[in-house]
Amino acid sequence: MSDRVTAGASGRTAAVIPAAGRGVRLGPGTPKALRALNGTPMLIHAVRAMAASRAVSLVVVVAPPDGAAEVRTLLDEHPLADHDPTEVLVVPGGGTRQESVRLGLRALTDDITTVLVHDAARPLVPVDTVDAVVAAVHDGAPAVVPALPLADTVKQVEPRTGDAAGEPEPVVGTPERALLRAVQTPQGFDRATLVAAHEKFAAAAREGEGATDDAGLVERLGTEVVVVPGHEEAFKVTRPLDLVLAEAVLARRRANDGF
Ligand SMILES: Nc1ccn([C@@H]2O[C@H](COP(=O)(O)OP(=O)(O)OP(=O)(O)O)[C@@H](O)[C@H]2O)c(=O)n1
Ligand SMILES: C[C@](O)(CO)[C@H](O)COP(=O)(O)O
């Protein structure tokens, strides 16, 4: 467990873990968050990654809509360490990531003032990254995202749809790479700011105009979002090759740490 961050000056810090997705891009099978990495479900790795921060005293897991009981059983089968006081709640999720996070926020207790939102699909985020996000929120930033510079050049294109789907897509621009960041989780927020953003834009998610990350909603409020350094090991398990990378990272950790 880290000791860089202690509980915030006022109120407690919670982590909401959206884990209700199917994992379509990973391929058919068990819902993504329940798939094993080194024999342990991805979701359990993610819960442990949040509990590893001394700042986090409550974790809310957002389970697949019909899978809350299964997830509760899984968590009970993989308890945190004996001395770890972190409380873990489970709530059913929704049809989009945004809706799942909104449902998770509703389970927070009144004494929570700082909220992290962390993808179950980023099971290997190091505790130093979690602590850096929490520290920036405790220092007064209403919204904080960890992010990395891009390795690839990015092009904006004109997507081909309908009868033209599959045809080469015209490039319409090349954003300046030095100004771009690839954003990870956990994203950290002042609770009131995040709740206000989710309540205001809940309908947008239902109408297909939701945001792909929580900070995007806060940006729509007009509130400042800041970036802190992310970490390569906080990558999102999205496609099959990401599972290979995750297993390799865990094998390296076992070799280095002997766990
Ligand atoms: N309705 C949804 C959709 C996604 N998520 C969660 O949001 C995180 C990031 O989403 P993503 O990686 O896209 O997961 P999936 O939606 O499962 O993946 P895919 O888009 O390939 O189906 C994941 O932890 C996922 O479980 C969620 O809680 N509720
Ligand atoms: C929140 C996120 O992980 C930040 O990069 C990302 O936006 C999630 O996107 P997804 O399409 O739901 O995986």
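How many bridges join strand S6 to S11, and in which sense do the two strands run? Keep that question in mind while you set up the view. This is a predicted model, in which local features need pLDDT of at least 70 and side-chain atom pairs count only at pLDDT 80 or more, while totals for chains, interfaces and linings use all residues. Residues are numbered from 1 along each chain as its sequence is written, and chains are lettered from A and ligands numbered from 1 in the order in which they are written.

**First stop: strand S11 and its partners**

Select residues 187–190, which form strand S11; helices (H or I, at least four residues) and strands (E, at least two) are DSSP runs, numbered from the N terminus. Add strand S6, residues 112–117, and you have the answer to the opening question: four bridges join S6 to S11, and the two run antiparallel. Two strands pair if DSSP finds at least two bridges between them. Within this pairing, Val 115 has Phe 189 of S11 as its bridge partner.

Now add strand S7, residues 143–149, which is joined to S11 by two bridges and runs antiparallel to S11; here Ala 143 stands opposite Phe 189. Both faces of S11 are covered, with Gln 187 and Phe 189 buried on one side and Gly 188 and Asp 190 buried on the other. A residue is called buried if 20 or more other C-beta atoms lie within 10 Å of its own, exposed if 12 or fewer, and partly exposed in between, with C-beta atoms placed from the backbone.

**Second stop: following S7 to other strands**

Stay on S7 and select S12 as well, because these two strands pair in the parallel sense over four bridges, with Val 144 standing opposite Val 226 in S12. Then select S10, which is joined to S7 by three bridges and runs antiparallel to S7; in that pairing Pro 149 stands opposite Arg 181.

In the loop between S10 (181–183) and S11, look for Pro 186, which is joined to Thr 185 by a cis peptide bond with omega of about 10°.

**Third stop: Ala 234**

Move to the loop between strand S12 (226–229) and helix H8 (240–257), where Ala 234 is found. Is Ala 234 buried or exposed? Ala 234 is buried, because 22 other C-beta atoms lie within 10 Å. Leaving aside residues up to four places away in sequence, Ala 234 touches Arg 122, Leu 124, Val 125, Thr 129, Pro 146 and Gln 184, where contact means that the C-beta atoms, placed from the backbone, lie within 7 Å. Select Pro 126 too: Pro 126 and Ala 234 are 108 residues apart in sequence, yet their C-alpha atoms are 7.0 Å apart in space.

**Fourth stop: the ligands**

Select ligand 2, which is surrounded by Arg 97, Asp 119, Val 183, Gln 184, Thr 185, Thr 212, Asp 213 and Lys 236; a residue is near a molecule or strand if its C-beta atom, placed from the backbone, lies within 6 Å of it. By class, this shell has one nonpolar, three polar and four charged residues, where Ala, Val, Leu, Ile, Met, Phe, Trp, Tyr, Cys and Pro count as nonpolar, Asp, Glu, Lys and Arg as charged, and the others, Gly among them, as polar.

Ligand 1 is surrounded by 22 residues, of which the closest are Pro 18, Ala 20, Gly 21, Arg 25 and Ser 100, and its shell divides into eight nonpolar, eight polar and six charged residues.

**Fifth stop: covered helices and an exposed loop**

Ser 100 is one of the buried residues of H3, so select that helix, residues 97–105, next; nine of its nine residues are buried. Helix H1, residues 42–51, is also mostly covered, with nine of its ten residues buried, including Met 42, Leu 43 and Ile 44.

For a contrast, select Asn 38, in the loop between strand S2 (36–37) and strand S3 (40–41). Asn 38 is exposed, with 12 other C-beta atoms within 10 Å, and its phi is near 50°, a positive value in a residue other than glycine. Most residues other than glycine have a negative phi, and most peptide bonds are trans.

Definitions and conventions:
Contact = placed C-beta atoms within 7 Å.
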